[in-house]
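Tutor: Let's go through this model one term at a time. Ask me what stands behind each word, and we'll set the values against the definitions.

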Amino acid sequence: MGVVNVTPDSFSDGGLFAGPAQAIAQARRLIDEGADILDIGGESTRPGSAPVPFAEERRRVLPVIENLSACGVPVAVDTRKPQLMREALAAGASMINDINALGAAGALEAVAASDAAVCLMHLRGDPRTMQDAPTYDDVVREVRDYLRGRVAAAEAAGIARGRIVVDPGFGFGKTLEHNLALLRGLHAFAGVGGALLAGLSRKSMLGRLTGREVGERVYAGVAAALAAVKNGAHIVRVHDVAATRDALTVWQAVMGDG
Ligand code: HH2
């Protein structure tokens, strides 16, 4: 899954693709580099970020999604807002990626009314405060229980399990130790949803481990993506598609699906 943030302030690529033309060009570049899915976002949810009003988020992402609707790969919209979910699906998106796991009023219904896929992610707290000393007794168990609950809610709303992807939410209300425990324990999430997604690309945990700034975390991100795939991830959400694709090609040639 290749990430395009149509935002001025994303931690990873903020401002680079803030206009529709740049975002569309970047999305097409990621397809050329081997992305199987695109993730288009119009709201940064980096630690400390403030919510973006609906009209502004809509203005950022809808023209990009419309343009990409016939691009040949599925397009996901990264949003927490039910109204934008509906409009993005009508504009051609075929997946909803929600860091809030369809927790907003009307979000379950918005997805249930479509045949789109959905990614349910775990987030402790909200982006503004989530990194204020998060604590868990057993992070793998607690995150898994939360995701099981959200999958049950989605199924009860009429969203079949085969449409549901789950994601432990690396960096969302987690310390470095929590993130490493989740990555080591990723196998525990097998079968919670229809598929498992991991998003580690360029994140601060990689900076903590390597001492590298955000623009210099490609190698670290590739290692993290391989670790995630080895431990059961079916989808890796990345900014550096070419590097990740090459690494996965070699990895899978050697390891097969195991
Ligand atoms: N991470 C980010 C945003 N959305 N969605 C899922 N499912 N999983 C993730 O790990 C995830 C996500 C944060 O990364 P990015 O989009 O690059 O940054 P920002 O939130 O600053 O736009």
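Student: Which elements do the buried residues of α3 pack against?

Tutor: They pack against α2 (54-68), β3 (75-78), β4 (95-98) and α4 (107-112). Keep in mind that this is a predicted model, in which local features need pLDDT of at least 70 and side-chain atom pairs count only at pLDDT 80 or more, while totals for chains, interfaces and linings use all residues. Residues are numbered from 1 along each chain as its sequence is written, and side-chain values use heavy atoms, with hydrogens and water left out.

Student: What makes α3 a helix, and which of its residues are buried?

Tutor: Helices are DSSP runs of H or I with at least four residues, strands are runs of E with at least two, and both are numbered from the N terminus. α3 covers residues 82-90, so its length meets that minimum. Its buried residues are P82, L84, M85, E87, A88 and L89. After α3 comes G92, with a positive phi near 120°.

Student: Why is A101 called buried?

Tutor: Buried means under 20% relative accessible area, exposed means over 50%, and partly exposed is in between (1.4 Å probe, protein chains only). A101 has 0%, so the word buried applies. L102 counts as buried because its relative accessibility is 1%. A101 is found in the loop between β4 and α4, and L102 lies in the loop between β4 and α4 too. Phi is near 55° for A101, a positive value in a residue other than glycine. For L102, likewise not a glycine, the positive phi is near 60°.

Student: What makes a group of residues a nonpolar core?

Tutor: A nonpolar core is a set of buried Ala, Val, Leu, Ile, Met, Phe, Trp, Tyr and Cys residues joined through side-chain atoms within 4.5 Å. The largest one here has 70 residues, of which L38, I40, I65, L68, L102 and L186 touch the most other members. The largest share of this core, 7 residues, comes from α8. A second, separate core has 9 residues, including M1, I37, M95 and L197.

Student: How do you know what L38 is in contact with?

Tutor: Contact means heavy atoms within 4.5 Å. Leaving aside neighbours within four places in sequence, the residues in contact with L38 are G2, A27, L30, I31, L68, C71, V73, P74, V75 and A76.

Student: Why do β7 and β8 count as a pair?

Tutor: Two strands pair if DSSP finds at least two bridges between them. β7 (residues 195-198) and β8 are joined in the parallel sense over 2 bridges, so they reach the cut-off. In β8, V236 is the bridge partner of A198. The whole open sheet has 8 strands in the order β1-β2-β3-β4-β5-β6-β7-β8, with parallel pairing.

Student: What makes β1 and β8 edge strands?

Tutor: β1 (2-5) and β8 each pair on one side only.

Student: How is a cavity told apart from a pocket?

Tutor: On a 1 Å grid over the protein atoms alone, a cavity is a set of points where a 1.4 Å probe fits but cannot get out, whereas a pocket is an open set with protein on both sides within 12 Å along at least five of seven lines; lining residues have an atom within 4 Å of a point. Points are joined across faces, edges and corners, and a volume is the space filled by probe spheres set on them. The structure holds 1 cavity of 30 Å³ or more; the largest cavity has a volume of about 50 Å³. Its lining is S201, R202, R217, V218, G221, V222, V238, D240 and T244.

Student: How does that lining divide by class?

Tutor: Ala, Val, Leu, Ile, Met, Phe, Trp, Tyr, Cys and Pro count as nonpolar, Asp, Glu, Lys and Arg as charged, and the others, Gly among them, as polar. The lining of the largest cavity comes out as 3 nonpolar, 3 polar and 3 charged residues.

Student: What lines the largest pocket?

Tutor: The largest pocket, about 510 Å³ in volume, is lined by 34 residues, of which F11, T45, R46, F172 and K203 lie nearest its centre. α7 gives the most, with 3 residues. In the second largest pocket, of about 430 Å³, α9 gives the most to the lining, with 6 residues.
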